[in-house]
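Please open the structure in your viewer and keep the selection panel at hand. We will go from stop to stop, with a short look around at each.

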Amino acid sequence: SLGDVIDVTSRVRKDGTLDWDVPAGDWIVLRMGYSLTGQKNSPASPEATGYEVDKLSRSSVDAYFRDYAGRISDTLGPYFGKSFRYFLMDSWEAGLQNWTEDMIGEFRKRRGYDPTPYLPVLTGRVVGSADSSDRFLWDFRRTIADLLADNHYGAATEHLAKYGIGLYAEAMGTGSPTTGDGLQSKGRVAIPMGEFWLHDSPEHMADMREAASAAHIYGKTLAAAESFTSMPTVPMWGQSPFHLKPRADRAFASGINRIVYHESAAQPFIDERHKPGMTLGFFGQNYTRNITWAEQAIAWNAYLARCSHMLQQGLFVADLAYFYGEGAPATVPFWKEVNPTPPAGYDYDYVNAEVLMQASVRDNRIVIADGMSYRVLVLPEDVNRLTPPIVKKIRDLVAAGAAIIAPKPGNSPSLAGYPASDEEIRFIANEVWGAI
């Protein structure tokens with residue numbers, strides 16, 4: 001039981017030995033610590049290769065950007081923040097991280113209870129009950145996602161903004177946001193990004209939808225995408241506008257309104273015998289002045305620029321807002337169909353908990369803080385465990401005239417406030433959904 005867990009940290013001597021008068025009975029002495037994961041950034045030049053920063057620690061991220069951005073600022077002088085206006089973060093390739101120095105304090109602040117007695121759950125043990133242990137793990141994962149959004153993406157954006165520098169970021173990236181909340185992380189940066197490649201991929205479609213949704217719900221005018229990334233299976237000589245245009249059109253239809261080439265290499269005017277030359281041979285698109293259709297490229301560039309400009313005007317129009325739950329890690333799902341399926345001809349965004357908590361109702365439409373509005377809020381059928389604040393918010397939106405399609409919630413996924421939280425949810429659910 002929870003009462004059987006004893007914190008003996010204060011009984012550990014400086015040499016690491018335990019000075020504890022053990023009560024009678026059978027005990028497991030569990031020593032827990034943390035260390036570097038050993039993960040290094042890649043791909044990078046040898047001079048720029050090193051250990052990944054602690055992305056859950058604001059002080060560590062601030063220190064990193066003071067040094068990294070400071071070196072570039074020192075080199076560029078007055079051009080830093082003028083002609084040099086943006087940094088770009090690629091998709092998440094930093095492996096897994098589940099701890100930081102102030103994890104206990106951050107957890108207490110964000111979840112409202114002390115996680116220390118439940119730490120054995122992180123080793124696969126059950127504390128209290130299986131249900132309580134699962135709820136603690138939900139809170140723990142949610143805390144990691146919050147820290148990543150605030151202390152990595154948020155801290156980086158805020159630091160660069162002091163110098164007039166914006167941040168593009170594929171936060172967290174396609175398919176597997178292993179530690180974060182995709183919408184929340186994308187919402188923390190100046191320009192959220194997805195990505196799409198030259199081969200069809202449900203992961204990339206979902207990632208573009210996530211970038212566009214993040215831009216819409218967090219009040220940003222630009223939704224960018226790493227564009228036209230390729231593998232060696234797509235020959236470079238086959239990457240003409242005939243092949244590229246359908247992919248660009250699909251990105252635009254998904255809500256993307258800024259194309260970021262992967263990549264366009266600046267090739268010097270030397271040794272013309274080696275045209276068309278090579279760029280980043282494994283992933284890159286061969287898009288340089290030496291391609292065979294370079295003289296015709298102005299029409300292609302103008303088309304992309306014209307579409308991007310038009311799509312950057314005004315607010316996106318969507319009838320449906322799909323809530324993708326409160327848990328973490330979280331991403332716009334690519335592994336399953338949207339359920340319930342949106343009617344043909346009706347577009348939609350995804351929303352998360354922190355955005356939904358700021359929503360109001362005007363003329364029976366659900367309005368979020370930046371002015372976007374939706375006719376209907378939809379909770380997919382598998383989003384049936386909600387915390388009390390979200391259940392209360394749904395109740396208030398319904399009372400104000402909002403149309404909401406949602407399964408009746410059964411209980412909270414969190415240990416915070418348990419078991420009273422479950423009773424509160426059941427009471428509100430019976431009030432809104434009915435007692436049956």
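How many aromatic pairs does a search of the whole structure find? The search finds 27 aromatic pairs, and since this is a predicted model, the tour stays with what has been computed from it.

**Stop 1: aromatic rings.** Select Phe107 and Tyr113. Their ring centres are 5.1 Å apart and their planes stand at 85°, so this pair is edge-to-face. Now add Phe136: its ring centre lies 5.8 Å from that of Phe107, with the planes at 45°, so this pair is tilted. The tilted pair links distant parts of the chain, with Phe107 in helix 2 and Phe136 in helix 3, 29 residues apart. Are these two buried or exposed? Both Phe107 and Phe136 are buried; for Phe107 the relative accessibility is 1%. Tyr113 is buried as well, at a relative accessible area of 15%, which is under the 20% cut-off. To see the wider group, add Tyr34, Trp99, Tyr118 and Phe140, which belong to one aromatic cluster with Phe107, Tyr113 and Phe136.

**Stop 2: helix 1.** Select residues 58–76. The 19 residues of this helix should span 27 Å at 1.5 Å a residue, and its end C-alpha atoms are 26 Å apart, which agrees. Colour Val61, Phe65 and Ala69, the buried residues of helix 1. Residues three or four places apart in an α-helix point the same way, because there are 3.6 residues a turn. Strand 1 and helix 3 are among the elements that cover the buried residues of helix 1. Just after the helix comes Gly77, with a positive phi near 60°.

**Stop 3: strand 1.** Move to residues 86–89. Phe87 and Met89 make up the covered face, while Tyr86 and Leu88 are on the uncovered one. Strand 2 (residues 166–169) runs parallel to strand 1, joined by 4 bridges, and Tyr168 stands opposite Leu88. Then pick Ser91, in the loop between strand 1 and helix 2. Ser91 is buried, at 14% relative accessible area, and its contacts beyond four places in sequence are Glu170, Met172, Gly173 and Glu195.

**Stop 4: an open sheet.** Show the 4 strands in the order 7-6-11-12, paired in parallel. Why is one side of strands 7 and 12 left without a neighbour? Each stands at an edge and has a single partner strand. Finish with Tyr348, where the charged end of Arg209 sits over the ring, 4.0 Å from its centre.

Conventions:
Residues numbered from 1 in each chain as written. Predicted model: local features only at pLDDT ≥ 70, side-chain atom pairs only at ≥ 80, totals over all residues. Heavy atoms only, no water. Buried < 20%, exposed > 50% of the residue type's maximum accessible area, 1.4 Å probe, protein only. Helix = DSSP H or I, 4+ residues; strand = E, 2+ residues; numbered from the N terminus. Pairing = 2+ DSSP bridges. Expected span 1.5 Å × (residues − 1). Contact = heavy atoms within 4.5 Å. Phe/Tyr/Trp six-rings, centres within 6.5 Å; stacked < 30°, edge-to-face > 60°. Lys NZ or Arg CZ within 6 Å of the ring centre and 35° of its normal.
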